[in-house]
Amino acid sequence: MKFQAPRGTQDIFSPAVLAWQSLEATARRVMGRYGYAEIRTPIFESTELFTRGIGEATDIVQKEMYTFSDRKGRSLTLRPEGTAPAVRAYIEHNLGARRMPCRAWYHGPIFRYERPQAGRYRQHHQVGAELLGSPAPEADFEVIDLFVRLLLELGLADVTVRLNSVGDENSRPAFRLVLEEALRPRLSELCEDCRRRFDLNILRIFDCKVPNDRAIVASLPVMIDHLDPASKSHHDRLRSLLDGAGIRYEEDPRLVRGLDYYTRTVFEVHHPKLGAQSAVGGGGRYDNLVSECGGPPTPAVGFSSGIERLLMALEAEGCAQGAVVPPDVMVVGTDRLATAVLAATLRRHHRVDVDLMERSFGSQMKQADRSSARFALILGEDEMAGDFVTLRDMTAGTESRIPRDRLEAELATRLTEPAPNAAPKEQ
Ligand code: HAM
């Protein structure tokens, strides 16, 4: 029997994993500069957290969740996004009591049962940030600026920020009526999902992907023209902040996003070379989610970004994805016990390789060359008898004898010297 990774998932291994590590290191650095602390939440949560948080009428809750019962019959779901879990942890541990606002970032796997295609997986990974506690448009600005800064430091300058406001409970009831009136005469032309959305949550119709419905949606009135005064001034202020910081954006009055928790600000960032799945990330304000999940009223805003898509965009931009770091030293010799013990000792401080395939002396030397090790440390019969080692500089081709008791000091000195220029070899 041949096993394969489940459809829509992928294995990540060297050298591709280097790009992941480098991306995660950049994210950690940038998030730290903005004062965001990492939070790690479980991979699964109680199903109700997501049905309530994301919204019953969304595609995620309707069609995409990996939901199962545990042995005690509790309904659990592999997390289909990271915001509701962060909010749950915020409430459970009263994180708001420590310092306000609460700034948290995360990265990790996300699960959605979607039809796999380029840039769309059933297990993908996100890096995201949430800012809880501030109602100010400056908080929305901070989050968008943080996202754009992260993209810039990753090497992605060519992105488009799309911005919209979906209003809040003060603007939506009136707008719903306007929408209902505009849509009612065309209800029978809409897809089955949208006819359901009409009753359940009419705003979700803007998220429909069916081509015929999209044409109808294009002719509908939009929320941005029906904002209440407070939402409008919030939006205007955010635009002034983005303009002031020189962050370019496009207004997209039909942007609603696939999750129901948003209030006022929503945004997405797109990369031109990603094809159909061009969103590298998105987010917005969610002022009611904390209270809907049982916490105190807490305004909040955040974003998250798909790591696979970031990496695809970086590749499309031709950005270097990181190179395999060669070992400092390859221990070469025929006495397997002595080479294994010496390698173990040196590994306390250095990157060391040693043969475990019972190769001959000659083929161990070839291996040292192939791995681009900086030095081969030869422990042959003469060396064993004389209590010394031969250190061969693999680039310069020079050799020197080093007494065993001086080996560590000598290596420490030599490895701090810059290596002679040599192109690393493929591993
Ligand atoms: P989202 O737009 O559903 O937002 O997902 C964020 C990003 O994750 C997308 O823009 C995309 O880059 C990536 N993504 C989503 N689904 C897939 C998939 N199936 N395969 C590959 N990549 C995918 C959220 O999840 C919100 N929690 C964002 C947020 C944070 N809002 C406020 N705070």
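How far is a nitrogen atom of the ligand from an N or O atom in the side chain of Glu81? In this predicted model, the separation is 2.7 Å. Two further polar approaches involve nitrogen atoms of the ligand. An N or O atom in the side chain of His124 lies 3.3 Å from a ligand nitrogen. Phe303 contributes through its backbone, with an N or O atom 3.4 Å from a nitrogen atom of the ligand. The protein buries 95% of the 660 Å² that the ligand exposes when taken alone. Three elements each give two or more residues to the surrounding shell: β6 (123-132), β10 (279-285) and β11 (300-306). The largest share, 6 residues, comes from β10. In total, 27 residues surround the ligand. The closest are Glu81, Arg112, Glu114, Glu130 and Tyr262.

The three shell strands belong to an open sheet of 8 strands. The strand order is β1-β5-β6-β11-β10-β9-β7-β8, and the pairing is mixed. At the edges stand β1 (37-38) and β8. Each has a single partner strand, so one side of each is left without a neighbour in the sheet.

Within this sheet, β6 is mostly covered, with 9 of its 10 residues buried. On one side, β6 pairs with strand β5 (residues 102-111). This pairing is antiparallel and spans 10 bridges. Tyr106 has Gly128 of β6 as its bridge partner. β6 also pairs with β11, again in the antiparallel sense, over 7 bridges. Here Leu131 stands opposite Val301 of β11. Further along the strand order, β7 (residues 160-165) and β9 (residues 265-270) form an antiparallel pair with 6 bridges. Asn164 is matched with Val266 of β9 in this pair.

The approach to edge strand β8 was examined at Ile247. This residue is found in the loop between α9 (229-245) and β8 (250-251). Its relative accessibility is 10%, so Ile247 counts as buried. Beyond its neighbours within four places in sequence, Ile247 is in contact with Phe141, Asp145, Val148 and Leu242. Phe141 is 106 residues away along the chain, yet the C-alpha atoms of Ile247 and Phe141 are separated by 9.8 Å.

Helix α2 (residues 47-54) is also mostly covered. Of its 8 residues, 6 are buried. These are Thr47, Leu49, Phe50, Thr51, Gly53 and Ile54. The buried residues of α2 pack against both strands and helices. The strands are β2 (44-46), β3 (67-69) and β4 (75-78). The helices are α3 (59-64), α4 (83-92) and α10 (289-292). Just after α2, Gly55 takes a positive phi of about 110 degrees.

A parallel arrangement is found around strand β12 (residues 329-333). With 5 of its 5 residues buried, β12 is largely enclosed by the rest of the structure. Its side chains and glycine alternate in direction. Val329, Val331 and Gly333 point one way from β12, whereas Met330 and Val332 point the other way. Both groups are buried. β12 runs parallel to strand β13 (residues 352-354), to which 3 bridges join it. Val329 stands opposite Val352 of β13. The chain crosses from β12 to β13 through helix α12 (residues 336-346). This β-α-β crossover is right-handed. A second parallel partner is strand β14 (residues 375-379), joined to β12 by 5 bridges. In this pairing, Met330 stands opposite Ala376.

Helix α13 (residues 361-370) contributes Gln364 to the surroundings of β12. At 2% relative accessibility, against a cut-off of 20%, Gln364 counts as buried. Apart from residues up to four places away in sequence, Gln364 touches four residues that belong to β12: Met330, Val331, Val332 and Gly333. Gln364 also touches Arg336, Asp355 and Arg359. Arg336 lies at the start of the range of α12.

Conventions: Residues numbered from 1 in each chain as written. Predicted model: local features only at pLDDT ≥ 70, side-chain atom pairs only at ≥ 80, totals over all residues. Heavy atoms only, no water. Buried < 20%, exposed > 50% of the residue type's maximum accessible area, 1.4 Å probe, protein only. Pairing = 2+ DSSP bridges. Right-handed = clockwise from strand over helix to strand, strands pointing away. Contact = heavy atoms within 4.5 Å. Near = heavy atom within 4 Å. Polar contact = N/O pair within 3.5 Å; in protein donor to acceptor, adjacent residues only side chain to side chain. Areas by Shrake-Rupley, 256 points an atom, 1.4 Å probe, with all protein chains shown as cover.
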